[in-house]
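Me: I've got a model open and I'd like to learn how to read it feature by feature. Could you walk me through it?

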Amino acid sequence: MTTSSPTRPRRRRLLSLFEALATPHAVDRYLELLDPMATAREMRARVVRVARPTPDSVVLGLRPTRHWRGYVAGQFVQVGVVIDGVRHTRCYSPTGSERSDAIELIVRAHPGGLVSQYLVRHANEGMVVDLSTAAGEFALPQPRPREIVLVSGGSGITPVLAMLRTLVDEGFVGRIAFLHYARTLDDVPVLGELRSLGQAHGGLDVRIVETSAEGRFDREHLDDVAPWFGPESEVFVCGPDTLSAALREHLDLRGFGERMHTEQFRIASPEPVGPTGGAVSFTRSGVTTENTGTSLLEQAEAAGLQPEYGCRMGICFSCTAVKRSGRTRNVRTGETHDDPDQSIQLCISAPVGDVEIDV
Ligand SMILES: Cc1cc2nc3c(=O)[nH]c(=O)nc-3n(C[C@H](O)[C@H](O)[C@H](O)COP(=O)(O)OP(=O)(O)OC[C@H]3O[C@@H](n4cnc5c(N)ncnc54)[C@H](O)[C@@H]3O)c2cc1C
Ligand code: FES
């Protein structure tokens, strides 16, 4: 039998009344003047811990508002920060055990990157950020496989670190191999912890490959850390395309390709399908350019516009805009869309011929 607190409907009724009184502004617009964490509907988080383990990364401990429903290790959240008066949203994968109430992020400064550089340089305790619910399919299955191989490169360590910490927290009794690629050991933000975990847990083997000295993925690295690798093993990978591609080729050769689960932080820019001709009109900005066939986001940026974006790979919907007319092609699925006044994602939509878009 389930019971519900009588205060909940009362709170909801009160909230609706406040919202009616506050119109046209959302209640949260008033509440945030008093305390940015006292939101009625929007989810936020306060930065309660900041550490800078390497020169180009920051570890953020976040305390979320009461709306937070947790995450499954491997998923990501969207974090919004205001920089020079403009809100920017980016995806980050929590790195802690999924059993933890707090959220930990590790952000690596992307060369020339706006939000990552800002967080690495300026994040401080007390700062409040916008937060989304967790999302994403990259996750350990239930029941857990008996043998788990976690592979990462660079900042791709974050989702697999969450998986490792979760498995350790659960008292996982199977075998785990943790294979991480970094330029040098100094670039690994949790080097001490990984080494201690490797020593403390008999079933866990950790191997850090310094790419500056040892090069990129080689089957020997896998054989070294997971000599038991076989049909019972599941592989979870997050890192550069080159790492995923090399590992996939190796696993395919051994007949284990379908055991590999991949997360990516970025996708390669879509190749133009060839000259489709026509012009792209960004109607709200009054800018028209020749259609180059790349994504509408890239064409807008090349034209000097700055549409909002988050992931640049079709998962966060920050870049959604209304196509007024013309045909677009979804570069991930190949589907084309001809309807007028249709919402599309600029980062994964390429115009085919003349297109008018409300940007
Ligand atoms: C699911 C997911 C999980 C992630 N988890 C993490 C994580 O845990 N830790 C982490 O550090 N990162 C993570 N990322 C990456 C993160 O979301 C950001 O992409 C990263 O921090 C860079 O953001 P930025 O604002 O610093 O860079 P941006 O300013 O967005 O620049 C990034 C790149 O986008 C391109 N670009 C930007 N502006 C333009 C322009 N005007 N014209 C052309 N190209 C442009 C450039 O190639 C540039 O190098 C994750 C990404 C995804 C999708
Ligand atoms: S930027 Fe995330 S969906 Fe386009």
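Reply: Sure. Start with one pair of residues: Val59 has Ile106 in E5 as its bridge partner. Keep in mind that this is a predicted model.

Me: What does a bridge tell me in general, and how many bridges join strand E2 to E5?

Reply: The general idea is that strands of a sheet pair through backbone hydrogen bonds, in either a parallel or an antiparallel sense. Here, strand E2 (residues 57-64) is joined to E5 by six bridges, and the two run antiparallel. Val58 also belongs to this picture, with Val107 as its bridge partner in E5.

Me: Which strand pairs with E2 besides that, and how are the two connected?

Reply: That's E1, which pairs with E2 in the antiparallel sense over six bridges. A hairpin of five residues joins E1 to E2. To see the register, find Arg49, which stands opposite Gly61 in E2.

Me: In which order do the strands of the whole sheet come?

Reply: The order is E4-E3-E6-E1-E2-E5, six strands in an open sheet with antiparallel pairing. Strand E4 (86-92) and E5 are at the edges with a single partner strand each, so one side of each has no neighbour in the sheet. On average, neighbouring strands here are turned by 40° against each other, ignoring direction.

Me: Is E2 mostly buried or mostly exposed?

Reply: Buried: seven of its eight residues are, so E2 is largely enclosed by the rest of the structure. For a residue in E1, try Arg44, which sits in that strand (residues 44-51). Arg44 has a relative accessible area of 4% and is buried, because buried means under 20%. You can also check how sequence and space compare: Arg44 and Arg63 are 19 residues apart in sequence, with a C-alpha to C-alpha distance of 8.6 Å.

Me: What about a parallel case? Which strands pair with E10 in the parallel sense?

Reply: Two to look at. Strand E7 (residues 147-153) pairs with E10 over six bridges in the parallel sense, and Val151 has Val237 as its bridge partner in E10. E10 also pairs in the parallel sense with strand E11 (residues 260-263), over four bridges. There, Phe236 has His261 in E11 as its bridge partner.

Me: How many residues of E10 are buried, and which are on each face?

Reply: Six of the six residues in strand E10 (residues 233-238) are buried. Ser233, Val235 and Val237 are on one side, and Glu234, Phe236 and Cys238 on the other, so to speak a strand with both faces covered.

Me: Now for empty space. How many cavities of 30 Å³ or more are there, and what lines the largest cavity?

Reply: The idea is simple: rolling a probe the size of a water molecule over the atoms shows where empty space is left. The count here is two cavities of 30 Å³ or more. The largest cavity holds about 70 Å³ of space. Its lining includes Thr54, Ser57, Ile106, Arg108, Asp187 and Pro189. Strand E5 (103-108) and helix H4 (157-170) are the elements that give two or more residues to that lining. By type, the lining residues of the largest cavity are three nonpolar, five polar and two charged. Domain 1 (7-131) and domain 2 (147-264) each contribute at least three residues to it.

Me: And what does the second largest cavity look like in volume and lining?

Reply: The second largest cavity has a volume of about 30 Å³. Among its lining residues are Leu297, Tyr309, Arg312, Phe317, Gln345 and Cys347. That lining divides into eight nonpolar, three polar and one charged.

Me: Last topic, backbone angles. Which residues have a positive phi without being glycine?

Reply: As background, most residues other than glycine have a negative phi, and most peptide bonds are trans. Phe317 has a phi near 70°, and Asp341 has one of about 50°. Phe317 is in the loop between helix H9 (296-302) and strand E14 (320-330), while Asp341 is in the loop between strand E15 (336-337) and strand E16 (342-345). Phe317 is exposed at 53% relative accessible area, and Asp341 is exposed at 53% too.

Me: Where is there a cis peptide bond?

Reply: From Gln142 to Pro143, with omega near -5°. Look for Pro143 in the loop between strand E6 (128-131) and E7.

Key:
Residues are numbered from 1 along each chain as its sequence is written. Chains are lettered from A and ligands numbered from 1 in the order in which they are written. This is a predicted model: local features need pLDDT of at least 70, side-chain atom pairs count only at pLDDT 80 or more; totals for chains, interfaces and linings use all residues. Side-chain values use heavy atoms; hydrogens and water are left out. On a 1 Å grid over the protein atoms alone, a cavity is a set of points where a 1.4 Å probe fits but cannot get out, and a pocket is an open set with protein on both sides within 12 Å along at least five of seven lines; lining residues have an atom within 4 Å of a point. Grid points are joined across faces, edges and corners, and a volume is the space filled by probe spheres set on the points. Ala, Val, Leu, Ile, Met, Phe, Trp, Tyr, Cys and Pro count as nonpolar, Asp, Glu, Lys and Arg as charged, and the others, Gly among them, as polar. Domain bounds come from an automatic or database domain assignment. Two strands pair if DSSP finds at least two bridges between them. Axes are lines fitted to C-alpha atoms, for helices over the stretch in contact, and angles run from 0 to 180 degrees between N-to-C directions. Buried means under 20% relative accessible area, exposed over 50%, partly exposed in between (1.4 Å probe, protein chains only).
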